[in-house]
Every structure is written in structure tokens, then in C-alpha cells.
Amino acid sequence: MLGLVCSTAAMAEGPNAVPLHDTPLPVPAISFADEHGNPLTLDRWRGKVVLLNVWATWCAPCRHEMPTLDALQARLGGPDFHVVPLSIDRAGLEPVRRFYEEIGVRHLDMYLAEDIRAMLAFAVGAADDDPDRPRGARARSPCRPGPMGQP
């Protein structure tokens, strides 16, 4: 079972910013790499409950939630539950490593989506379901990279 949980970054616009569905939706098939460059898919955790967190080091709300996710993995991680923090940093894993060291992440593994398809598959920064938004107006995400990928 894959439990797809929306991050606080997506919820920053309020509880109505996250669409709810009456029945489970299929999870997009995406490829990504672990910290050693080994290719993975979410099938690796088939049968487990997975909290998939799509994040980036330049996203302020994402940075804020990582200590909580680290503590959650420390407390609940095991044969039936795993936090998958999937970084979409274009600069690779080095900024992720530095960030983990900076804030003391000890229980989360590192995963990197190496192309834009992961962001598109999970509609990161593209929630466009606001009925009050004028037709053609673009959604604004709380997670937009600053100059040169900096917060």
C-alpha cells in the first residue's frame, strides 16, 4: 500500500489547496535514484505504507518540515513504514547532503528525481484547482526557486 501524503509546502495555501478523492488514484510510475545513484521506483516499497515527500532545498516550507519527517522515520520507520524524501534539486544530491548535515538529519535516506518528470507526475507547484482563480491565471506555488536555485 502506498500512502501518498501531501507536504506542508502544498498545504501552505490552506486545507482546500489539497484535492481529496473518493477513491485512491494510481501512483504515477516515476524513476529516481538513491544516494548511490542506483535507479529506483516506488515498487521497491510495495506492501509498505510510504510517505512520499517531494521536496527541494530551495523550498522554505520543505526545509522547515524535514526535521519532523526525520523524527517520524526514526519513530515509525521499519518493515511496514518508510518516509521517501524525493528531492527535485537540479544541482543533484550535493545540496541535499549539505542540508542534511546542516540540520542534523540522521534517519532519512536521500533520493533524487533526476528529471522534470517526477515534478510533473505529482503536479509539484502546479495545483490549478482553485475555482476562484480567473481562467488562464497561473497558480502560485509557495515553493519557487530563487535566483540560482537559492531560497
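Both faces of strand E4 are covered: Phe81, Val83, Pro85 and Ser87 are buried on one side, and His82, Val84 and Leu86 are buried on the other. The model described here is predicted. In a regular strand, side chains alternate between the two faces of the sheet. Because 7 of the 7 residues of E4 are buried, this strand is largely enclosed by the rest of the structure.

**Overall architecture**

The protein contains 4 helices and 5 strands. Along the sequence these elements follow the pattern α-β-β-β-α-β-α-β-α. Of the 151 residues, 38% are buried. The protein exposes about 9700 Å², and carbon and sulfur atoms supply 54% of that area. Among contacts with a separation of 6 or more, residues 24 or more positions apart account for 71%.

**The sheet**

The 5 strands form an open sheet in the order E2-E1-E5-E4-E3, with mixed pairing. Its edge strands are E2 (39-40) and E3 (49-55), each of which pairs on one side only. Strands of a sheet pair through backbone hydrogen bonds, either parallel or antiparallel. E3 and E4 (residues 81-87) run parallel and are joined by 7 bridges. Within this pairing, Val50 stands opposite His82 in E4, and Leu52 stands opposite Val84 in E4. Both of these E4 partners, His82 and Val84, belong to the buried set on one side of the strand.

**Helix H2**

Helix H2 packs on the sheet, where it touches E3 and E4, and its direction makes about 155° with that of E4. The helix comprises 17 residues (60-76) and reaches 25 Å from its first C-alpha to its last, close to the 24 Å expected at 1.5 Å a residue. A kink of about 35° lies at Met66 in H2, shortly before the proline Pro67. Met66 is also one of the buried residues of H2, together with Cys62, Glu65, Leu69, Asp70 and Gln73.

His64 is likewise found in helix H2. Its relative accessible area is 65%, and because residues over 50% count as exposed, His64 is classed as exposed.

**The loop after E4**

Asp89 is found in the loop between E4 and helix H3 (94-103). With a relative accessibility of 5%, Asp89 counts as buried because the cut-off for burial is under 20%. Leaving aside residues up to four places away in sequence, Asp89 touches Trp55, Ala56, Thr57, Trp58, Pro95, Val96 and Leu112.

**Pairs separated in sequence**

Asp89 and His64 each have a C-alpha distance to a residue elsewhere in the chain, as listed below.

| Residue pair | Separation along the chain | C-alpha to C-alpha distance |
|---|---|---|
| Asp89 and Cys59 | 30 residues | 9.8 Å |
| His64 and Ile103 | 39 residues | 9.9 Å |

In summary, the predicted model places E4 beside the edge strand E3 in the sheet order, with H2 touching both E3 and E4. Asp89, in the loop that follows E4, is buried, whereas His64 in H2 is exposed.

Technical notes
Residues numbered from 1 in each chain as written. Predicted model: local features only at pLDDT ≥ 70, side-chain atom pairs only at ≥ 80, totals over all residues. Heavy atoms only, no water. Helix = DSSP H or I, 4+ residues; strand = E, 2+ residues; numbered from the N terminus. Expected span 1.5 Å × (residues − 1). Bend = angle between axes of the 7 residues up to and from the residue. Buried < 20%, exposed > 50% of the residue type's maximum accessible area, 1.4 Å probe, protein only. Contact = heavy atoms within 4.5 Å. Areas by Shrake-Rupley, 256 points an atom, 1.4 Å probe, with all protein chains shown as cover. Pairing = 2+ DSSP bridges. Axes fitted to C-alpha atoms, helices over the stretch in contact; angles between N-to-C directions.
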